[in-house]
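Welcome! Let us take a friendly walk through this structure, one part at a time.

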Amino acid sequence: MSEAAQVSSLPLPPLQYVNLYTDENIQKGRAPSPPKCNMESYTMFGAQYNAEDPIIRPLESQGIRRLYPQNYDHKRELKKLNHSILVNFLDMLDILIRCPDTSKREEKKEDINLLFIHTHHLVNEFRPHQARETLRVMLDVQKRQRIETTERFQKQLEKVTEMLQQTTSGLPDSADMDCKFLVPTESIGLGPKEAQSDDKEEHCCSLDRIMCDIIDAI
């Protein structure tokens, strides 16, 4: 089994599945094939279609006679069909005025119908191109919206960063705050209990000195 077949058989998320369609994979034939349809047939506008049929079926497969060659210019053929429809419409008006009951009216009607079928077929051949262009425009809009959102977010981030810098620059330094809250030991006075204890010690020392003097004198 080839690599593309192995990849296509794996159940991948949509985004990973789309990422496999790179230019390199498409050129080398490694891009996975489109997923298979679950239904064999479907109905669209009252007509039955097979899932294996091409999206735009050739005119010959529908039993319709082709009025333009196989290799053609869409723009040129559409202009020619438009002119032919106008000419046949004028012929139809002339037939309705001169001889409305003749078989020419039905023949001209079939001719106009065939021209409209060819015009509709050529327009439908532009549908894939229209779908790609619509998808491209949608992706461009999403990309522009995301870029604008990113730019707005970046501006808000810069504003918040600037506000934080201004706030932190106004705060005092931590070393200065520690120095301000320190109290010198020299300025701390003694409490009443400590003062009383010092007085008692001085009083006791004077009495001891007197007693020592009396004992020395004896």
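## The hairpin

Two strands count as paired if DSSP finds at least two bridges between them. With that in mind, look at S41, which stands opposite N50 in β2. S41 belongs to strand β1, residues 41–44, and four bridges join β1 to β2. The two strands run antiparallel. At the other end of β1's residue range, M44 has A47 of β2 as its bridge partner.

What links the two strands? β1 and β2 form a hairpin, with two residues between them. F45 sits in the turn and has a positive phi of about 55°. As a rule, the side chains of a regular strand alternate between the two faces of the sheet.

## The overall plan

Now step back to the whole protein, keeping in mind that this is a predicted model. The protein holds eight helices and two strands. Read from the N terminus, the order of the elements is α-α-α-β-β-α-α-α-α-α.

How much of the protein is buried? Of its 218 residues, buried ones make up 10%; a residue is called buried when its relative accessible area is under 20%. As for contacts between residues at least 6 apart in sequence, 49% of them join residues at least 24 apart.

## Helix α5

Helix α5 has 21 residues. From its first C-alpha to its last, α5 reaches 30 Å, close to the 30 Å expected at 1.5 Å a residue.

Which residues of α5 are buried? They are K108, I112, L114, L115, H118, H121 and L122. These buried residues pack against α4, which covers residues 74–98. An α-helix has 3.6 residues a turn, so residues three or four places apart point the same way.

## The largest pocket

Where is empty space left? Rolling a probe the size of a water molecule over the atoms shows it. Here, the largest pocket has a volume of about 500 Å³. This pocket is lined by 15 residues, and the closest to its centre are M44, Y49, I55, H120 and N124. M44 is already familiar as the bridge partner of A47.

Three elements give two or more residues to the lining: β2 (47–50), α5 (104–124) and α6 (127–170). Which of the elements gives the largest share? That is α5, with four residues. By type, the lining divides into nine nonpolar, four polar and two charged residues. So the tour ends with α5 in two roles: its buried residues pack against α4, and α5 also supplies the largest share of the pocket lining.

Notes. Residues numbered from 1 in each chain as written. Predicted model: local features only at pLDDT ≥ 70, side-chain atom pairs only at ≥ 80, totals over all residues. Heavy atoms only, no water. 1 Å grid on protein atoms, 1.4 Å probe; cavity = no way out; pocket = protein on both sides within 12 Å on 5 of 7 lines; lining within 4 Å. Points joined across faces, edges and corners; volume = space filled by probe spheres on them. Nonpolar A, V, L, I, M, F, W, Y, C, P; charged D, E, K, R; others polar. Expected span 1.5 Å × (residues − 1). Buried < 20%, exposed > 50% of the residue type's maximum accessible area, 1.4 Å probe, protein only. Contact = heavy atoms within 4.5 Å.
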